[in-house]
Amino acid sequence: MRIKEGLKLREIAGQGMVVRSDLKKTNMTEVFTLNETASFLWKKASEGEFTLEDVAQWLTQEYEIDSETAREDAEATVSQWKEYSLIDE
Amino acid sequence: MSVWMIERGNIVKNFLTLVQAGLWSRSVELEGEVTESDWREIHRLATEQTVVGVAYRGLELVKNLQGMPQDLLAQWAAETDAIEQRNKMMNEALDDLLRMFHSYEFYPVILKGQPIAELYNDPYVRQCGDIDICFETLDEKEAAANLLTGMGVKLTRCPDGSDFYSWKGVPVEHHRSFIGPHNPFRTRDIMELAGVLGFSDVELENEYDTDATVPSPHLTFLILNNHILKHSVGRGIGLRQFCDLARAYHIYYFGVESGMVRRTIQLAGMERWTKVLHSFLRNYLALDDQYIPKIGWDDEGADELMDIVLAGGNFGQYYGSAGGRRDGSRRDGRGVGSAEGGEAGAEGQSVFKRKTATLAAFLRNGRFAMRVAPMDTLAVVWDLLKGQFSADRK
C-alpha cells in the first residue's frame with residue numbers, strides 16, 4: 001500500500017490535516033482532519049510502501065500497546081484510509 | 001500608525017504578525033484575545049491582500065490558535081493547497097513556454113513571478129498571478145506576438161501596449177519594457193542602468209529546472225520597487241508585492257554592492273518614494289533594516305501607504321466603486337488560487353466601471369502620490385491616457 005501522490009500532511013494547532021483537491025476536473029476540495037495518532041501513522045506511511053503489519057508495528061513501538069490492540073487499531077485506520085480513497089493498494 | 005490600524009485594533013496587527021511569521025519563518029504570539037469573528041476578518045484581509053498562503057505558513061508558527069473556527073482552518077488549508085497546486089501549474093506552463101520560445105531562438109526575460117517565488121522560504125505558497133515577460137527590443141516583442149498568433153494563440157493587445165494571452169491555462173503578458181511607467185526625465189539613466197546591471201541566465205529551482213533569463217538582483221530591486229510605485233500611485237496595490245521586495249532584499253542584499261543599490265534608486269529619481277517604501281517594509285513587514293539600502297526613512301508616508309494597501313487590496317480590487325465595499329465583502333467569487341489583477345484583471349467589470357474606478361483611485365491617492373513621486377505619478381497617468389486613445393490593438 002502507498003499514500004496517494006500529492007496528499008500532504010499539514011500540521012497546525014496540534015492537529016493534522018490532509019487536503020485532497022481535484023481542481024482540474026471538478027474544482028472540489030476535501031479536507032481530512034487527523035488526530036495525533038493518525039497524524040503519526042500518516043507521516044510514517046508517507047515514507048514509502050507499507051503493509052498492515054507495518055502500521056501495527058509502528059503503533060506498538062510508539063504507544064507501547066499490545067500487538068492485538070495494535071493490529072485492531074491498524075486495521076481500523078487503514079480501512080478508513082481506503083474508504084476515503086487516500087491510499088493506493 | 002496607519003489609520004486602519006488605529007481603527008481596527010488588534011485585527012490588522014495580528015494579520016500583519018501572521019504575514020511576518022510566514023515571511024520570515026519565525027514563531028509568534030498574537031496580540032490579545034482573538035475571537036472567531038476576528039479570525040474570519042484576518043482571513044478576509046489575507047484574501048484581499050493576496051497573501052493567503054504566506055499567512056497560512058504564519059498560522060503554523062503561532063503558539064496558540066485559540067478562537068480559530070475549525071471550518072475556517074480547514075478552508076484556509078484547502079486554499080493554501082490550491083495555491084500550491086497553481087504554482088506547480090505555473091511552473092509547468094513557464095517551462096513549456098520558454099522551451100517553445102528557445103526553440104525559435106527567442107530569449108525573453110522573466111519579470112517578477114516564479115523567479116521571485118523562489119526567494120521565499122516556501123516558493124509554493126506565494127500567490128501567483130500571471131507570467132510577465134519582456135523582450136530585448138520591441139521588434140522582438142512584435143515577432144514573438146506574430147509567432148504566437150501564427151500558432152493559433154489568441155492574443156490581445158492592452159491599452160498600455162502589452163500583449164496578453166493564455167498558455168496552458170496560465171495568463172501571460174508581454175510587456176513593452178522591463179520597467180513600468182516612470183519619471184520620463186530618468187528614462188535614459190534607467191536604460192543605461194539596465195545595460196550595466198543586466199540580466200542573467202539561470203536555472204530555476206523548480207520541478208523542471210527551467211532555463212530562464214532574469215534580471216540581476218540590482219535590476220530586480222528596481223523593477224519591484226517601480227512596480228509597487230506604479231500601482232500605489234494608481235489604482236492601488238496589495239501586500240503581496242511588498243512581500244516580494246522584502247524577500248528580494250533579504251536574499252540578495254548582502255550579495256550586491258550596496259552603494260550601487262543606492263545609486264540606482266537615486267539615478268531612477270525614486271529616492272523620496274523609496275524612503276516611504278523602505279519604512280513600510282521595516283515597520284509593517286518586519287524586514288530587518290540591515291537588509292535595507294540606507295537612503296533614509298519616511299514613517300508617516302509609510303502609514304499613509306498602509307492605508308492605501310488595506311483600503312484597496314490586490315491592485316485596488318476591493319475598494320469602493322472598484323468593486324469591493326468598505327466592509328470588505330468580495331466583488332466576485334474569484335477563487336483564491338490565483339492572484340490575477342492589475343492591468344489585465346478586473347474581469348466582470350464593464351469598461352466604463354473599470355475606467356471610473358481607475359479615475360476614482362487616482363483622485364483618492366493623488367495627494368499622497370504627488371507628494372512622494374510627482375513625476376512618476378504623472379508618467380503613470382500619461383501612460384494610461386495614451387492607452388485610452390491608442391488604436392494599436394490586435
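Is B:F315 buried or exposed? Select it and look: with a relative accessible area of 8%, B:F315 is buried. Keep in mind as you click around that this is a predicted model. While B:F315 is highlighted, check its backbone too: phi is positive, about 50°, although the residue is not a glycine. You'll find B:F315 in the loop between α12 (299-312) and α13 (351-372) of chain B.

**Stop 1: chain A as a whole**

Now hide chain B for a moment and colour chain A by secondary structure. You should see three helices and five strands. Trace the chain from the N terminus and the elements come in the order β-β-β-β-α-α-α-β.

How does the radius of gyration of chain A sit against that of a compact globule? For 89 residues such a globule would come out near 12 Å, and chain A has 13 Å, which agrees. If you draw a box along the principal axes, the C-alpha atoms of chain A fill roughly 45 × 30 × 20 Å.

Switch on the surface of chain A next. About 5,500 Å² is exposed, and carbon and sulfur atoms supply 42% of that. Of the 89 residues in chain A, 38% are buried. If you build a contact map for chain A and keep pairs at least 6 apart in sequence, 44% of those contacts join residues at least 24 apart.

Then colour chain A by charge. There are 11 positive and 19 negative side chains, and the centres of these two sets lie 11 Å apart.

**Stop 2: A:S85**

Before leaving chain A, select A:S85. Which loop holds this residue? A:S85 sits between α3 (67-83) and β5 (87-88) of chain A. Like B:F315, A:S85 is a non-glycine residue with a positive phi, here near 55°. On accessibility the two part ways: A:S85 is partly exposed, with a relative accessible area of 35%, whereas B:F315 is buried at 8%.

**Stop 3: chain B as a whole**

Bring chain B back. How many helices and strands does chain B have? There are 14 helices and seven strands. Buried residues account for 59% of the 394 residues here. A contact map of chain B, again limited to a separation of 6 or more, has 71% of its contacts between residues 24 or more positions apart. On the surface, chain B exposes about 15,900 Å², with 52% supplied by carbon and sulfur atoms.

**Stop 4: the nonpolar cores**

Show side chains as sticks and select B:W39, B:L59, B:W76, B:L239, B:F242 and B:W273. These are the residues with the most contacts inside the largest nonpolar core, which has 95 residues. Which element gives this core its largest share? That would be helix α1 (residues 3-24) of chain B, with eleven residues. Apart from this core lies another, of 26 residues; pick out B:L94, B:C128, B:A145 and B:L204, which are among them.

Go back to B:L59 and display its contacts, skipping neighbours within four places in sequence. One of the partners is in the other chain: A:I12. From chain B, the partners are B:L18, B:W39, B:L65, B:M68, B:L73 and B:W76.

**Stop 5: helix α2 of chain B**

Select residues 36-48 of chain B, which make up helix α2, and zoom in on B:E41. This glutamate is buried, with a relative accessible area of 17%. Beyond its neighbours within four places in sequence, B:E41 is in contact with B:R8 and B:I11.

In helix α2 you'll also find B:H43. At 8% relative accessibility, B:H43 counts as buried. Again leaving out neighbours within four places, its contacts are B:L72, B:Q75, B:W76 and B:E79. You have met B:W76 already, in the list of contacts of B:L59.

**Stop 6: B:L245**

Last selection: B:L245, in helix α9 (residues 239-252) of chain B. How accessible is it? Relative accessibility is 0%, so B:L245 counts as buried. Outside its neighbours within four places in sequence, B:L245 is in contact with B:F221, B:L224, B:N225, B:I228, B:L277 and B:L281. To finish, draw a distance from the C-alpha atom of B:L245 to that of B:G58: they are 187 residues apart along the chain and separated by 18 Å.

Notes:
Residues numbered from 1 in each chain as written. Chains lettered and ligands numbered in written order. Predicted model: local features only at pLDDT ≥ 70, side-chain atom pairs only at ≥ 80, totals over all residues. Heavy atoms only, no water. Helix = DSSP H or I, 4+ residues; strand = E, 2+ residues; numbered from the N terminus. Rg over C-alpha atoms; globule rule 2.2 N^0.38 Å. Buried < 20%, exposed > 50% of the residue type's maximum accessible area, 1.4 Å probe, protein only. Contact = heavy atoms within 4.5 Å. Areas by Shrake-Rupley, 256 points an atom, 1.4 Å probe, with all protein chains shown as cover. Lys, Arg positive; Asp, Glu negative; His and termini not counted. Charge placed at Lys NZ, Arg CZ, Asp CG, Glu CD. Core = buried A, V, L, I, M, F, W, Y, C linked by side-chain atoms within 4.5 Å.
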